[in-house]
Amino acid sequence: MTSSTTAKTYSNTTTTIAARLSPESQTQTKELPNIVKGDSNPHSIPHFASAKDERKWVLQHMAGAFRVFARKGYTEGTIGHVSLRDPIDPTTFWINPMGKHFGLIKVGDLVHVDQDGNILSTGNQAAIKTAGFLMHSAIHKARPEVNAACHFHSTFGKAWSSFGKELEMINQDVCIFYKCHSVYPEFNGAVLKSRESDKIVEALGNGKGVILQNHGLLTVGSTIDEAGYLFTLLEKCCQIQLLAQSALVPGKSLRVIGDEEAQYCEKTHGGSEALYTEFQPDLEMEYYLNNDFLN
C-alpha cells in the first residue's frame, strides 16, 4: 500500500478507492475547510498498487465492520446483510453467509456472488439470503459509485420506521443526512421479488440512506467504512429523534436547524473521506478486542 499522494494505478479497468468516489463526494472533499490541526488526517482513504491488494484490505474492513455491528447490537437471528463490490470484478460483490453471527464473521466466511446469484469459487461456499441478494444486487446495478451497502433491522431504526417519516434536522450529527435520506413508504413483507428491491432502490435515489417503513434502515457508501458509519449514525439519529419526541410536553415543538446551517454541516462532515474517517475509531477497537476476523 502506498501513501495517498504517491498512489500507483494498477490497470486500465480497475481504479483505486478514492478514484471511485462520486463526483459530488470528490467536490465536497476539495472544498472542505481544514478540520484537522497539527498534522495530516491519520485515517485517509488508502490507495493500492494492485486490485488484489485492495480486495484483501476491503474484505478485512468488511469483516471488521461486522464485529462493530455485533458490538452495537444489530443482530436479529439471521436477519441483516452487508454487501461490498469486488475491486477485481466490479460486476460481482461479497456478502455475509446466512446464519453466521456477526460477532464471529471472518474474511474467510464472506461469500462472493455474481449478479445472477451464482456463488463464486473465490469466496466461501455457503448459502446467502434471497432478500439480501435481491436488495444488494439491485443497489450495485443502479448505483455504480456505491461500493458497499448495509441493511439491518436495528432497534431504533425499526421503531422510527413505523412513523414513515424522514428524520428532522434537530442536531449537528443528523445534518449529515440533510437532503440525502428518504423513506420507502410501503411494506410488502420480506424482499423476495426483484420488483420490491427495485422499488427500494428507487426510494433510495442518490441518497446516503433510506428508512424502510415498518422494516428497518439501509445505508450506502463508496467504502464499507462509509456505509458502516452511516448506518451507525442513522440508527443513533433515530434513537435521538425518538427520545426528543418523547420528552415533548403539550404545546411545545422541537427546535429544527435552519436549511443553511444544515447544508453547511452536511458539506463539512458528510463527504466520503470524512465519513470513512469517522468509522476508524470503532474499527480500531475491534482490532484491539480480537483481530481474528482478518483471515
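**Entry 1: the hairpin**

I began with the turn between strands E6 and E7, which form a hairpin with 3 residues between them. I noted that Asn214, in this turn, has a positive phi of about 60°. The model I am reading is a predicted one.

I then looked up how the two strands pair. E6 (residues 209-212) and E7 (residues 216-221) pair in the antiparallel sense, over 4 bridges. Leu212 stands opposite Gly216 in E7.

**Entry 2: the other neighbour of E6**

I turned to strand E5 (residues 181-184), which runs parallel to E6 and is joined to it by 4 bridges. For two residues I recorded the bridge partners in E6: Ser182 is matched with Val210, and Val183 with Ile211.

Next I asked which way the residues of E6 point. Gly209 and Ile211 point one way, Val210 and Leu212 the other way, and all are buried. I set beside this a general remark: in a regular strand the side chains alternate between the two faces of the sheet.

**Entry 3: the sheet as a whole**

I traced the strand order and found an open sheet of 7 strands, E3-E2-E1-E4-E7-E6-E5, with mixed pairing. Strand E3 (111-113) and E5 stand at the edges; each has a single partner strand, so one side of each is left without a neighbour in the sheet. From one strand to the next the twist averages 20°.

**Entry 4: helices on the sheet**

I looked up helix H5 and found that it packs on the sheet, touching E5, E6 and E7. The direction of H5 makes about 145° with that of E5. E5, H5 (residues 194-204) and E6 make a right-handed β-α-β unit.

Which residues of H5 are buried? I listed Glu196, Ser197, Lys199, Ile200, Val201, Ala203 and Leu204. These buried residues pack against H3, E5, E6 and E7. After H5 comes Gly205, whose phi is positive, near 60°.

Helix H3 (residues 130-142) was my next stop. I found H3 lying across strand E1 (81-85), strand E2 (93-95), E3, strand E4 (148-152) and E7. H3 runs at about 35° to E1.

**Entry 5: the nonpolar cores**

I examined the largest nonpolar core, which has 50 residues; Met62 and Phe69 touch the most other members. Helix H2 (51-71), E1, E4, helix H6 (224-246), helix H7 (259-269) and helix H8 (272-289) each supply at least two residues of this core. The largest share, 10 residues, comes from H2.

I followed Phe69 in detail. Not counting residues up to four places away in sequence, Phe69 touches Tyr74, Val82, Phe102, Cys150, Phe152, Gly228 and Thr232. Apart from the largest core lies another, of 23 residues, among them Leu134, Met135, Ile139 and Leu212. Leu212 is thus a residue I have met before, opposite Gly216 in the hairpin.

**Entry 6: Thr277**

I closed with a single residue of helix H8, Thr277. Is Thr277 buried or exposed? Its relative accessible area is 18%; the cut-off for buried is under 20%, so Thr277 counts as buried.

I then looked up what surrounds Thr277. Leaving aside neighbours within four places in sequence, Thr277 is in contact with Asn41 and His43. With Asn41 there is also a polar contact of 3.0 Å, which joins the two side chains.

Definitions and conventions:
Residues numbered from 1 in each chain as written. Predicted model: local features only at pLDDT ≥ 70, side-chain atom pairs only at ≥ 80, totals over all residues. Heavy atoms only, no water. Buried < 20%, exposed > 50% of the residue type's maximum accessible area, 1.4 Å probe, protein only. Pairing = 2+ DSSP bridges. Right-handed = clockwise from strand over helix to strand, strands pointing away. Axes fitted to C-alpha atoms, helices over the stretch in contact; angles between N-to-C directions. Contact = heavy atoms within 4.5 Å. Core = buried A, V, L, I, M, F, W, Y, C linked by side-chain atoms within 4.5 Å. Polar contact = N/O pair within 3.5 Å; in protein donor to acceptor, adjacent residues only side chain to side chain.
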